[in-house]
Amino acid sequence: MINIIAIGIGGAIGAILRYLIGNQITIIFGTAFPFSILLINILGSFLMGMAIESFNLFSISNEPLQKFLTIGILGAFTTFSTFSLDALDLIMKNRISDAFIYVFASVILAIGFLFLGIQFIKLLT
């Protein structure tokens, strides 16, 4: 039960952070391209890498804490469903090249930043 509570509280925090940060990114970059979810997914992947490597490196076996951060906060902060909606929206608007760039950049950069998050924590130790 504690894991479910941890995930729920983390999820609320992550969703609120996504909303607030996404709004600020949209203010900066506008709405012509879905930068907010792209940048949030990249940042979230980096933070996920940092969290996973930190748990491994420091032998943190606190399951509620792990679930709070990874499934809760970061799971709600990043969002594949919104990413999919944004990609489909670009396709439906016949902006095929923008859709390709968006999907490619989201996937490659998210995986790359997950790796960088792991490496970043390794460098700190």
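Is Lys-67 buried, partly exposed or exposed? Lys-67 comes out as partly exposed, with a relative accessible area of 22%. That cut is made because buried means under 20% relative accessible area and exposed means over 50%. Keep in mind that everything in these close-ups comes from a predicted model.

**View 1. Glu-63 and Lys-67 pair up along helix α3.** The two side chains make a salt bridge, and their closest N and O atoms are 3.6 Å apart. Both residues belong to helix α3 (residues 63–77), where being four residues apart puts about one helical turn between them. An α-helix has 3.6 residues a turn, so residues three or four places apart point the same way. Glu-63 is partly exposed, at 39% relative accessibility, and its partner Lys-67 is partly exposed too, at 22%.

**View 2. Two further salt bridges link Asp-89 to Lys-93 and Asp-98 to Arg-95**. Searching the whole structure turns up three salt bridges. Side chains of opposite charge can pair when their charged atoms come close. For Asp-89 and Lys-93, the closest N and O atoms are 3.1 Å apart. Asp-89 is partly exposed, with a relative accessible area of 35%, while Lys-93 is exposed at 52%. In the other pair, Asp-98 meets Arg-95 at 2.6 Å, N to O. Here Asp-98 is partly exposed at 22%, and Arg-95 is partly exposed at 28%.

**View 3. Phe-33 and Phe-35 belong to an aromatic cluster**. The full cluster is made up of Phe-29, Phe-33, Phe-35, Phe-80, Phe-83 and Tyr-102. The count of aromatic pairs comes to eight. One of them joins Phe-33 to Phe-35, a tilted pair with 4.8 Å from centre to centre and 55° between the planes. Phe-33 counts as buried because its relative accessibility is 12%; for Phe-35 the value is 29%, so this ring counts as partly exposed.

**View 4. Phe-80 and Phe-83 make a tilted pair within helix α4**. Their ring centres lie 4.8 Å apart and their planes meet at 50°, so the pair is tilted. The two are three residues apart in α4 (residues 80–92), which means about one helical turn separates them. What about cover by the rest of the protein? Phe-80 is exposed, with a relative accessible area of 58%, whereas Phe-83 is buried at 6%.

**View 5. Helix α4 has a buried side and an exposed face**. With 13 residues at 1.5 Å a residue, α4 should span 18 Å, and its end C-alpha atoms are indeed 18 Å apart. Which residues of α4 are buried? They are Phe-83, Asp-86, Ala-87 and Leu-90. These four cover an arc of only 95° around the axis, so they sit on the same side of α4. Turned away from that buried side is a face carrying the exposed residues Ser-81, Leu-85 and Met-92.

**View 6. A nonpolar patch on the surface includes Ile-13 of helix α1**. The patch covers about 700 Å² and is built from Met-1, Ile-2, Ile-4, Ile-5, Ile-9, Ile-13 and Leu-17. Ile-13 is found in helix α1, which runs over residues 2–29. Its relative accessibility is 34%, so Ile-13 counts as partly exposed.

How values were computed:
Residues are numbered from 1 along each chain as its sequence is written. This is a predicted model: local features need pLDDT of at least 70, side-chain atom pairs count only at pLDDT 80 or more; totals for chains, interfaces and linings use all residues. Side-chain values use heavy atoms; hydrogens and water are left out. Patches are made of residues with over 30% relative accessible area and no salt bridge: like charges are joined within 9 Å, nonpolar side chains (Val, Leu, Ile, Met, Phe, Trp, Tyr) within 5 Å. Accessible areas come from the Shrake-Rupley method with a 1.4 Å probe; for residues, only the protein chains shown count as cover. A salt bridge is a side-chain nitrogen of Lys or Arg within 4 Å of a carboxyl oxygen of Asp or Glu. Buried means under 20% relative accessible area, exposed over 50%, partly exposed in between (1.4 Å probe, protein chains only). Rings of Phe, Tyr and Trp (its six-membered ring) pair if their centres lie within 6.5 Å; planes under 30 degrees apart count as stacked, over 60 as edge-to-face and the rest as tilted. The expected span of a helix is 1.5 Å times one less than its number of residues. The arc is that of the directions from the helix axis to the C-beta atoms.
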